[in-house]
Amino acid sequence: MKLWPFKVIEGPADTPKISVSYEGETKEFFAEEISSMVLRKMKETAEEYTGKPVKNAVITVPAYFNESQRQATKDAGAIAGLNIISMINDPTAAAIAYGLNINKSLIKIKKKKKNVLVFDLGGGTFDVSILTIVEGAHSIKVKAVSGEAHLGGEDFDNHMVDHCVREFKRKWEKDLTRNKKALGRLRCACEKAKRILSCDTQTSIELDCLHGGIDLCMKFSQAKFEELNMGYFDRCMETVEACLRDTKMKKSSVHEVMLVGGSTRIPKIQLMLQKLFYGKELCKSLNPDEAVAYGAAVMAAKLNPNSDKIRFGDLVLLDVTPLSLGIQLMGEIFDVVIPRNTTIPRKKSRIYRTAFENQTSIDIRVYQGERARSTDNHLLGMFTVSGIPPVRKRHVQVKVCFEIDANGILTVKAKILATRQNNKLTITNEKGRLCKEEIEKMVKDADKYKHEDREFKKKADALNALHYYNKQLKYIPSSSSNNSSF
């Protein structure tokens, strides 16, 4: 937040809101609204390209997203005017794209199945998935996922920015951190330098009048970039090893290591990954920026009943849940109902008993995570089941059922077996998420901004046309008559 050029303020129910200046006014947006703007732009681009309206969409999310983040993404799609027909994990989508061209390689290694490790390092998230692709990619089964929802190229940029800020302060004794505009410019320059350092050993960061009339000019080497971010690179390799341990798979059993995401172009990451797998050549056959979108398009074609050109029509996709799901017991104990890396869709039930004398209701707190104490995990939501007959403790049984659909959306139901009283929770409106009315309001706001953007573009195009016309007039030759005058 210290490095962002915009403000983050507290919204209702302790949710973050982004505060920006728009046409001289201060506007506040939920994260879902910002995400919906990106999706709406993509929707418009697709409509321009195809010449047809786009209503349905397959959206991919980082594999390590929790239930709340997945639902928030679904809300963003609704605000953008899209009907989300499926949500799949980024590495799984990349594996689908990879699977389209796998037949020859399967024949080459004389195996009916191929174990693929997808190393997905993007701008803000990091996922590692191990998948088994069977019989020419007609079946893709996810074995395990691991990763971090807050690790990626932006973190590498942050370390570069921090280094430049320290050097600027050391040399000029001026603090850049209070100048948001200067930090924004510096961030863009650092991101550009990072991309250059993926193919060159050295580059320069040059910015005129960055702060207090002082120019910034400093050289940045590939070695310095690696030194600043080695801690992040090591964490990436540790995550890969943890994912392998989850599957109880040896490194030699991995037939292919696939690179996905722009940050996998960093030479040091490729070198460390190659060393981890005993010098194995990394798979670079797919564009790391396009692989996920390509796989999502294949999935969308498969789900489209009118599509008859897709070669992947008989695709069987078996994904897993990235984190354990369960409820809180007495003493803040986290009782896991669905363990991490369980194949989805999945439905699982467990019987619990009342904990107190004459207990008439029970609060079901649903958590997601890997810690033994419930409060150390992420609270997805809670609900109450009432109508329990007031009897001695442990005499009443409550059946709790967890159900995850193919999109990874969770529904939790609880029923008192003696009285058949029941209640349920779908992870949609837990603390911090949007209700139906809020989403509808955001859809209207998005349409309003869309109209304003269209009017702005018309004015900008008209102004550009006027400038061009004036420029053309400037070069029109005068009349051949010698008496011509202005």
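Colleague: Which residue in the turn of the hairpin has a positive phi?

Modeller: This is a predicted model, in which local features need pLDDT of at least 70, side-chain atom pairs count only at pLDDT 80 or more, and totals for chains, interfaces and linings use all residues. Residues are numbered from 1 along each chain as its sequence is written, and side-chain values use heavy atoms, with hydrogens and water left out. Strand 2 and strand 3 form the hairpin, with two residues between them. The residue in the turn with a positive phi, of about 55°, is Glu23.

Colleague: How many bridges join strand 2 to strand 3?

Modeller: Strands (E, at least two residues) and helices (H or I, at least four) are DSSP runs, numbered from the N terminus, and two strands pair if DSSP finds at least two bridges between them. Strand 2 covers residues 16–22 and strand 3 residues 25–30, and they run antiparallel. Ser21 of this hairpin stands opposite Thr26 in strand 3. The number of bridges is six.

Colleague: Why is helix 3 described as largely enclosed by the rest of the structure?

Modeller: Buried means under 20% relative accessible area, exposed over 50%, and partly exposed in between (1.4 Å probe, protein chains only). Helix 3 runs over residues 90–99, and its buried residues include Asp90, Ile96 and Tyr98. Helix 3 is largely enclosed because the buried share of its residues is 10 of the 10.

Colleague: Which helix gives the most to the largest nonpolar core?

Modeller: A nonpolar core is a set of buried Ala, Val, Leu, Ile, Met, Phe, Trp, Tyr and Cys residues joined through side-chain atoms within 4.5 Å. The largest has 49 residues, and those with the most contacts inside it are Leu117, Phe119, Leu186 and Ile205. Nine of its residues come from residues 222–247, which form helix 7.

Colleague: How many residues are in the other core, the one with Ile88 and Val118?

Modeller: This core lies apart from the largest one. Val292 and Leu315 are also among its members. Its residue count is 28.

Colleague: Is Leu466 buried or exposed, or partly exposed?

Modeller: Leu466 is in helix 10 (residues 436–474). The relative accessible area of Leu466 is 45%. Therefore Leu466 is partly exposed.

Colleague: What share of the residues in the protein is buried?

Modeller: The protein has 10 helices and 21 strands. Its chain holds 486 residues. The share that is buried is 44%.
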